Amino acid sequence: MTDMLTPRANCLPSGTPQGRLVRISEKWDAYIATPPADKAHKETGILFCPDVIGIWGNSQLMADQFAANGYLTMIIDLYNGDPVALNTVAADFDLMKWLEGGSNGKNPHTAETVDPIVVAAITSLKEEYGIKKIGSVGYCFGAKYVVRHQGKGMDVGYIAHPSFVDEEELAAVTVPLSIAAAEVDTMFTAELRHRSEDILRAAGHPYQINLFSGVVHGFAVRSDLSKNVERFAKEQAFYQAVAWFDEHLSDR
């Protein structure tokens, strides 16, 4: 499971985020990216569930790009102020210990603690920002919570290199779901990818699974942009998400 945190060269952000940090329910941090008024999809937005690094430069810039495509976008801090540091070395990090108790042993990152954060973000988008149709994007760990909340306030889903998604959670999805997968991924293996296809086919709802060669887990957020194959895959995975929302979520 170490490839969730495999250090990636040249993956640091190269731009300046344009959104703003806010608080949800006076408890949790979030980042809001607002679309240009002339491009905004009416009453439509995206909830961004990030990887274990949380709200940082790359995720903020991606949220800005979703906004540039017309979707008000909120990144929610799934980790309650306790994300994994960007420079964490996978070999020295106990992922399961962090999931069960956080960095200090007192801040678990389990469904019991994360689900309420997601629900609060959905409520905020609807009540504070006037969003009636919510698309959701989830990367790595965040993908699990996109899947868990489809049809429960989330209307369309997109996930990339998902982690820890249970078969029962995937089988319960009742809305359009798109998946971007890496060729090399110990978290979302070829076996799990094929099993996911079987589950989604049986469910009978619109789905899409794109496989990108030459990349590993985390590529959609933390690619080495100096390598053409990684830059291409990261960009195409983003376009995949936008096209999916334009087809299944957009008002136009």
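Start by selecting helix α1, residues 57-68, in this predicted model: at 1.5 Å a residue its 12 residues should span 16 Å, and the C-alpha atoms at its ends are indeed 16 Å apart, so the expected and computed spans agree. Colour the helix by burial next, and nine of the 12 residues of α1 turn out to be buried, so the helix is largely enclosed by the rest of the structure. The buried positions are G57, N58, S59, Q60, M62, A63, D64, F66 and A67.

Stay in α1 and pick out Q60, which belongs to this helix. Is Q60 buried or exposed? With a relative accessible area of 13%, Q60 falls under the 20% cut-off and therefore counts as buried. If you display its surroundings, leaving out residues up to four places away in sequence, you will find Q60 touching P17, L21, Y31, I55 and I75. Before leaving this region, look just past the helix, where α1 is followed by G70, a residue with a positive phi near 105°.

The next stop concerns backbone angles. Most residues other than glycine have a negative phi. Select E43, which is not a glycine and yet has a positive phi of about 55°; E43 sits in the loop between β2 (28-33) and β3 (44-49), and its relative accessible area of 33% makes it partly exposed. Then move to C140, another residue other than glycine with a positive phi, in this case near 55°. C140 is in the loop between β5 (133-139) and α4 (141-148), and at 1% relative accessibility C140 counts as buried.

Now turn to the interior. In soluble globular proteins, nonpolar side chains tend to be buried together. The largest nonpolar core here contains 43 residues, and those with the most contacts inside it are L47, M74, I76, L78, V118 and F141, which can be selected as a group. Helix α3, residues 111-127, contributes the most to this core, giving eight residues. Centre the view on V118 and, setting aside residues up to four places away in sequence, you will see that V118 touches L47, L78, Y145, H149 and M154. A second core, separate from the one just visited, has 32 residues, with W56, M62, A180 and W244 among them.

From the second core, W244 leads into helix α8, where it is one of the buried residues. Helix α8 covers residues 228-248, and its 21 residues reach 30 Å from the first C-alpha to the last, close to the 30 Å expected at 1.5 Å a residue. To see its buried positions, select E230, A233, K234, A237, F238, Q240, A241, V242, W244 and F245. Within α8, A233 is buried, with a relative accessible area of 1%. Apart from its neighbours within four places in sequence, A233 is in contact with F212, V215 and F219. A distance label is useful here: the C-alpha atoms of A233 and E197 are 36 residues apart along the chain and separated by 21 Å.

Another distance label brings in R222, whose C-alpha is separated from that of K234 by 8.3 Å, the two residues being 12 apart along the chain. R222 lies in helix α7, residues 219-222, and is buried, with a relative accessible area of 4%.

The tour ends with empty space. Rolling a probe the size of a water molecule over the atoms shows where such space is left. Which residues lie nearest the centre of the second largest pocket? They are V165, D166, F188, L192 and S196, out of a lining of 15 residues. This pocket holds about 180 Å³ of space. Helices α5 (167-171) and α6 (190-203) each supply at least two residues of the lining, and α6 gives the most, with four residues. By character, the lining of the second largest pocket divides into 10 nonpolar, two polar and three charged residues.

Finally, look for enclosed space: there is one cavity of 30 Å³ or more, and the largest cavity has about 30 Å³ of space. To outline it, select V173, V175, L177, L200, A203, H205, P206 and Y207, which line this cavity; seven of these lining residues are nonpolar, one is polar and none is charged.

Technical notes: Residues are numbered from 1 along each chain as its sequence is written. This is a predicted model: local features need pLDDT of at least 70, side-chain atom pairs count only at pLDDT 80 or more; totals for chains, interfaces and linings use all residues. Side-chain values use heavy atoms; hydrogens and water are left out. A nonpolar core is a set of buried Ala, Val, Leu, Ile, Met, Phe, Trp, Tyr and Cys residues joined through side-chain atoms within 4.5 Å. Buried means under 20% relative accessible area, exposed over 50%, partly exposed in between (1.4 Å probe, protein chains only). Contact means heavy atoms within 4.5 Å. On a 1 Å grid over the protein atoms alone, a cavity is a set of points where a 1.4 Å probe fits but cannot get out, and a pocket is an open set with protein on both sides within 12 Å along at least five of seven lines; lining residues have an atom within 4 Å of a point. Grid points are joined across faces, edges and corners, and a volume is the space filled by probe spheres set on the points. Ala, Val, Leu, Ile, Met, Phe, Trp, Tyr, Cys and Pro count as nonpolar, Asp, Glu, Lys and Arg as charged, and the others, Gly among them, as polar. The expected span of a helix is 1.5 Å times one less than its number of residues.
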